[in-house]
Amino acid sequence: MFSADDYRYMAQAIRLAKNGLFTTHPNPRVGCVLVRDNAVVAEAFHAKAGSPHAEALALAMAGERAKGATAYVTLEPCSHFGRTPPCADALINAGVSRVVAAMTDPNPLVAGRGLEKLKQAGIEVSSGLLESEARALNPGFIKRMEKGLPYVRVKMAMSLDGRTAMQSGESKWITGADARQDVQQWRARSAAIITGIGTVLADDPELTVRIGTDLPQPLRVVLDSQGRMPVTAKMLQSTGPILHVTSSSVTKTEGWPTHCTTLQLNTVENRMDLVSLLTHLAEVYQINEVLVEAGAHLVGAFVEANCVDELLVYMAPTLLGSDARPLMTLPLTQMKDQKRLALDDCRLIGQDMRMTWRFLSE
């Protein structure tokens, strides 16, 4: 169905889409390559919400050369009016002869309508080329469109014997500078970072993105059921939005900066309803990807609630001993309760090993 050239040009479109990895929220990352007479006449990627989509940019660059061309796009062209006009209409008006999409759009407003509109206009349409690679570009957007929840990635750093801190709580630093810098990339691609009040009180982190000066800061979410977060916390002094999540019995703290918003959630046995929180992030903030950076108790709560899609584990070549703190608190008592995972990726980051684990369906 697809030629070697088709694969080559779609791979190029996917590489282009990755240029928007940190900036397109809440939109998907999309790349487009226009080819006529086996030569690329234009290529583009979507940079950020509100700016022209990849197809529109490529068509503008190509001009008259777009007529009779093949458009390779990593996601089905949109068919509805949002912040920008429909890309399907732009492709039709430009006179392209063929459109190859890596995947259909999971957005219910599109969901096949873009491809159908192109077909009705007499354009040759096909989809499914390098679909798995295209889906890997936008796990959060896809999950939010299909399930109404963001994609949740939990970041942890541990020793070779599976420990995250000394018994006293001392944890700086288990991993090396290269691994800590690598974490910045994952923060940058996440629209929200979730932590717990224990981490705030123990480490007083800012949880900001510190690569590049023009990248948007993620929404920092602090789970604090008893309202213990001090007004002097570094997070409150730094720029970027904050969502302070408390129980329904806690009133909003006065005198906090305007970039901090309070959300009150019900608790069950002093534990936050994590599904309700994630649903709120998806519906109200249009969050696609979440990075959880928290202690053993909150990480364990996310895993126990089946709210985690991926574990991002950095393993350092060191031993902290049997009295050190565990990776997570997960009260499993029987073998039938175990959580099985699959290793999706493993690579050295400096002297540390970074492993990406995916939970298997039960």
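This passage describes the sheets of the structure and the helices that pack on them.

The model is predicted, so local features are given only where pLDDT is at least 70 and side-chain atom pairs only at pLDDT 80 or more, while totals for chains, interfaces and linings use all residues. Residues are numbered from 1 along each chain as its sequence is written, and side-chain values use heavy atoms, with hydrogens and water left out. Helices (H or I, at least four residues) and strands (E, at least two) are DSSP runs, numbered from the N terminus.

One open sheet has five strands in the order 2-1-3-4-5, with mixed pairing; two strands pair if DSSP finds at least two bridges between them. Strand 2 (39–45) and strand 5 (124–127) are the edge strands, and because each has a single partner strand, one side of each is left without a neighbour in the sheet. Neighbouring strands of this sheet are turned by 15° against each other on average, direction ignored. Strand 1 (residues 31–36) pairs with strand 3 (residues 70–73) in the antiparallel sense over four bridges. Within this pair, L34 has A71 in strand 3 as its bridge partner. Helix 1 (residues 4–17) packs on the sheet and touches strand 1, strand 2, strand 3 and strand 4 (98–101), and its direction makes about 145° with that of strand 1. Such angles run from 0 to 180 degrees between N-to-C directions, and the axes are lines fitted to C-alpha atoms, for helices over the stretch in contact; contact means heavy atoms within 4.5 Å. Helix 4 (residues 113–120) also packs on the sheet, touching strand 4 and strand 5, with its direction at about 155° to that of strand 5.

Another open sheet is formed by nine strands in the order 11-10-9-8-14-6-15-18-17, and its pairing is mixed. Its edge strands, strand 11 (260–265) and strand 17 (341–349), each pair on one side only. From one strand to the next, the twist averages 20°.

Within this order, strand 8 (residues 192–196) has five of its five residues buried, where buried means under 20% relative accessible area, exposed over 50%, and partly exposed in between (1.4 Å probe, protein chains only). Both faces of strand 8 are covered, with A192, I194 and G196 on one side and I193 and T195 on the other. Strand 8 pairs with strand 9 (residues 219–223) in the parallel sense over five bridges, and T195 has V222 as its bridge partner in strand 9. Strand 8 also pairs with strand 14 in the parallel sense, over three bridges, and I193 stands opposite L291 in strand 14.

Elsewhere in the sheet, strand 15 (residues 310–315) and strand 18 (residues 352–359) pair in the antiparallel sense over six bridges. In this pairing, M315 stands opposite M353 in strand 18. Helix 7 lies across strand 6, strand 8, strand 14, strand 15, strand 17 and strand 18, and runs at about 165° to strand 15. Helix 10 packs on the sheet as well, touching strand 6, strand 8, strand 9, strand 10 (242–247), strand 11 and strand 14, and its direction makes about 155° with that of strand 9.

In helix 6 (residues 139–147), the buried residues are P139, G140, F141, I142, K143 and R144. These residues pack against helix 5 (131–137), strand 6 (151–158), helix 7, helix 10 (274–285) and strand 14 (289–292).
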